[in-house]
Each structure stands twice: as C-alpha cells, then as structure tokens.
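Q: I am new to this structure. Could you walk me through it?

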Amino acid sequence: MTAAAKGNFAGRLVERLGPGSCLIDAATGRTIRPEDLPRLIAAYGFSLTSAGLREGDRLLIGCSLSLSSALVYLGA
C-alpha cells in the first residue's frame with residue numbers, strides 16, 4: 001500500500017479495485033473503469049482545493065445518487 005493510500009479512504013479504495021471493478025451509475029448506465037477512477041477523484045479533489053479549501057477544513061456535500069456525488073465525496 002502506498003503512503004497516499006494509507007492516509008485516505010479513496011486511496012485505499014482505488015488500491016483494492018480489481019481489474020473487473022467499475023463504478024456504475026445505475027440510473028444512466030455510465031461506467032467508470034478502475035484505471036480512470038484515480039484521475040477523476042484527483043480532479044474533483046483539485047477542484048475543491050482550487051476553491052480555497054485546505055486540509056482540515058470542513059465541507060458539507062449535498063449528495064444525490066449520482067457519479068458526480070460519489071466522485072466529489074471521494075475527492076474530499
């Protein structure tokens with residue numbers, strides 16, 4: 001396990017994904033492959049830090065049952 005993965009839930013999740021694991025939006029059928037997931041999580045995390053959030057800040061995420069909500073949660 002990498003140092004980054006030890007420090008956060010998303011990192012541990014990504015390391016545990018197997019080759020057949022996907023994040024699937026049941027409503028739309030959109031699928032995110034495991035090799036795309038780290039980049040997308042990082043992009044959502046970057047958008048939060050770009051907005052001025054820093055480690056230790058508190059964040060309230062209004063979630064719907066969507067891939068965007070799952071990715072922003074993992075990015076946080």
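A: The turns below cover the model itself, its salt bridges and its nonpolar core.

Q: What kind of model is this?
A: This is a predicted model, in which local features need pLDDT of at least 70, side-chain atom pairs count only at pLDDT 80 or more, and totals for chains, interfaces and linings use all residues. Residues are numbered from 1 along each chain as its sequence is written, and side-chain values use heavy atoms, with hydrogens and water left out.

Q: How many salt bridges does the structure hold?
A: It holds 2 salt bridges, each being a side-chain nitrogen of Lys or Arg within 4 Å of a carboxyl oxygen of Asp or Glu.

Q: Which residues are linked in a network of salt bridges?
A: Arg33, Glu35 and Asp36 are linked in this way. Glu35 meets Arg33 at 3.3 Å, N to O, and the closest N and O atoms of Asp36 and Arg33 are 3.1 Å apart.

Q: Is Glu35 buried or exposed?
A: Glu35 counts as exposed, at 53% relative accessibility. Buried means under 20% relative accessible area, exposed over 50%, and partly exposed in between (1.4 Å probe, protein chains only). Arg33 counts as partly exposed, at 43%.

Q: New topic: which residues does the largest nonpolar core have?
A: It has 8 residues: Ala10, Ile32, Leu37, Leu40, Ile41, Leu67, Leu71 and Leu74. A nonpolar core is a set of buried Ala, Val, Leu, Ile, Met, Phe, Trp, Tyr and Cys residues joined through side-chain atoms within 4.5 Å.
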